[in-house]
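Please open the structure in your viewer and keep the sequence beside it. We will go from one selection to the next, pausing at each stop to see what is there.

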Amino acid sequence: MRIYFEKIPEEGLEINFSDNFETSESVFNINSFNGTVYAVNENFILTGNLNITIEDSCDRCLKKFKEDVDEKILIEIVKESSAEAEAEEIELKDEDMGLYFVREEYIDMEEIISQEAVLLRPVKRLCSHDCKGLCPICGTNLNEETCSCKQETDDRWADLKKLLENKNRNEV
């Protein structure tokens, strides 16, 4: 969905948008984006509510799961002049977060909303907060069943274990 700058009235333009896309690791279902784009001086402000469902694999047990995310977004869209567009790439600073630079004469809503959706994806993806993960020996999903594997102990921690055992005996 392209929104041309000259089509945006002073009072703003309402936008309703939905889409689906995939990355190498996740599937993003943009259930809805309801917002408004306003012209402010030479730039534009996009504000609205983003509702997405992210289909992912758990980092601990590898089980597929879905997570719903509702987020309010506020983005400043900056038109780059042709001189700025030809200049070298510059590193963005923290205060540049929430800025979106465009070289064209339109706003590409699919690109902006999909980038926002990817940024909302948690870094650590868990099917539940108490996910037990996989057994490191046999690979059993410990959320679904227990295994009889004996966990190997690391001899480097033996002295610390003795100290803790002695401390616990002394406290009783």
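The tour below goes through a predicted model, beginning with a sheet and ending in a loop.

Begin by showing the strands, where you will find an open sheet of five of them, in the order β2-β3-β4-β5-β6 and with mixed pairing. At its edges lie β2 (13-22) and β6 (99-102), each of which pairs on one side only. If you look at how neighbouring strands of this sheet are set, they are turned by 30° against each other on average, direction ignored.

Next, select residues 43-57, which are strand β4, together with residues 64-79, which are strand β5; these two run antiparallel and are joined by 14 bridges. To see one pair of bridge partners, pick asparagine 49 and then lysine 72 in β5.

Now add residues 109-120, helix α2, which packs on the sheet and touches β2, β3 (27-40), β4, β5 and β6, while its direction makes about 55° with that of β4.

Staying with the sheet, select asparagine 29, which has its place in strand β3. Is asparagine 29 buried or exposed? Its relative accessible area is 17%, and because buried means under 20%, asparagine 29 counts as buried. Among the residues that asparagine 29 touches are Asp19, Asn20, Asn51 and Thr53.

For the last stop, move to cysteine 138, in the loop between α2 and α3 (158-171), where a relative accessibility of 42% makes this residue partly exposed. Cysteine 138 touches Cys147 and Cys149, and from C-alpha to C-alpha cysteine 138 and cysteine 149 are 7.3 Å apart in space, with their positions 11 residues apart in sequence counted as their separation.

Methods. Residues numbered from 1 in each chain as written. Predicted model: local features only at pLDDT ≥ 70, side-chain atom pairs only at ≥ 80, totals over all residues. Heavy atoms only, no water. Pairing = 2+ DSSP bridges. Helix = DSSP H or I, 4+ residues; strand = E, 2+ residues; numbered from the N terminus. Axes fitted to C-alpha atoms, helices over the stretch in contact; angles between N-to-C directions. Contact = heavy atoms within 4.5 Å. Buried < 20%, exposed > 50% of the residue type's maximum accessible area, 1.4 Å probe, protein only. Lists of a residue's contacts leave out its neighbours within four places in sequence.
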